[in-house]
Amino acid sequence: MTQDKLVSLIRDYKPNKARLAVRKGELDRLTHRITQEIGKAAENQSMTGISMDGMPHGNIITRRVEEIAINAMDGKLPDNVRRWIGECKAAQKEVDNLQHLVDTVDNAMSALNRRETTIITQHIVEDRSWAELSTQTVKLFGKSVSTQTMKRWQNEALCKMLQVVGVSA
């Protein structure tokens, strides 16, 4: 990963985190609908034995449960359920990808000290200009700090973050 790509990933952190929350909610609702429809279809087919195994899996249908349902019903799932299962797989893939992006930034940020975290958060995540930050340095850092120093701190922080994600600057 390059420093520019890391900066882009950090800039996208808040939107990615918000999108992740939305997609997780959509995925939960979709899997609930699938579970209900599979149950209805199983009742209509006079089938039994399609149930969760009692272990705490949350609301997401595991691949194994999906396989059992499809195999047990011998391909007699309603078209809408088949479509929802496809949508569920795509949504799960997107959730996994977004979670990875958010986790990458979280892990990289955890390596930073308070000063570095503040600079990265204020300048990159919150998109504050260097001029804005320089007027707030006494409040942020307890002393007046030049723009050049803050840029150096940001570069050092980005180098640390790149090391955490597995790439040297």
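A residue counts as partly exposed here when its relative accessible area falls between the buried limit, under 20%, and the exposed limit, over 50%. By that yardstick E126 is partly exposed, with a relative accessible area of 37%. Please keep in mind as you read that this is a predicted model.

## Salt bridges

E126 is a good place to start, as its side chain meets that of K14 in a salt bridge, 3.4 Å from N to O. K14 belongs to helix α2 and E126 to the loop between α5 and α6, so this pair ties together parts that are 112 residues apart in sequence. K14 counts as partly exposed, at 44% relative accessibility.

The count for the structure comes to seven salt bridges. Three of them are set out below.

| Salt bridge | N to O distance |
|---|---|
| K14 and E126 | 3.4 Å |
| R23 and E94 | 2.9 Å |
| R83 and E87 | 3.5 Å |

The pair of R23 and E94, with its closest N and O atoms 2.9 Å apart, also joins two helices. R23 lies in helix α2 and E94 in helix α4 (residues 79–109), so the pair ties together parts that are 71 residues apart in sequence. R23 is buried, with a relative accessible area of 16%, while E94 counts as partly exposed at 25% relative accessibility. Both residues take part in a network of salt bridges that links R19, R23, E26 and E94.

What about R83 and E87? Both of these residues lie in helix α4, four residues apart, about one turn of the helix. R83 counts as partly exposed at 47% relative accessibility, and E87 counts as partly exposed at 37%.

## A buried asparagine in α2

Helix α2 (residues 13–44) also holds N16. Is N16 buried or exposed? At 15% relative accessibility, N16 counts as buried, because the limit for that class is under 20%. Leaving aside residues up to four places away in sequence, N16 touches L98, L101 and V102.

## Helix α6 and its two faces

Helix α6 covers residues 130–141 and spans only 14 Å between its end C-alpha atoms, whereas a straight helix of twelve residues would span 16 Å at 1.5 Å a residue. Its buried residues are W130, L133, T137, L140 and F141. Seen down the axis of α6, these buried residues fall within an arc of 95°, so they line one face of the helix. As background, an α-helix has 3.6 residues a turn, so residues three or four places apart point the same way.

Which parts do the buried residues of α6 pack against? They pack against α5 (114–125) and α7 (147–164). On the face turned away from this buried side, α6 carries the exposed residues A131, T135, V138 and K139. After α6 comes G142, whose phi is positive, near 80°.

## Aromatic rings and arginines

A search of the whole structure for aromatic pairs finds zero. Two tryptophan rings do have an arginine over them, however. The charged end of R33 sits over the ring of W84, 4.2 Å from its centre. R115, in turn, lies over the face of W153, at 4.1 Å from the ring centre.

Conventions
Residues are numbered from 1 along each chain as its sequence is written. This is a predicted model: local features need pLDDT of at least 70, side-chain atom pairs count only at pLDDT 80 or more; totals for chains, interfaces and linings use all residues. Side-chain values use heavy atoms; hydrogens and water are left out. Helices (H or I, at least four residues) and strands (E, at least two) are DSSP runs, numbered from the N terminus. Buried means under 20% relative accessible area, exposed over 50%, partly exposed in between (1.4 Å probe, protein chains only). Contact means heavy atoms within 4.5 Å. Rings of Phe, Tyr and Trp (its six-membered ring) pair if their centres lie within 6.5 Å; planes under 30 degrees apart count as stacked, over 60 as edge-to-face and the rest as tilted. A charge sits over a ring if NZ of Lys or CZ of Arg is within 6 Å of the ring centre and within 35 degrees of the ring normal. The expected span of a helix is 1.5 Å times one less than its number of residues. The arc is that of the directions from the helix axis to the C-beta atoms. A salt bridge is a side-chain nitrogen of Lys or Arg within 4 Å of a carboxyl oxygen of Asp or Glu.
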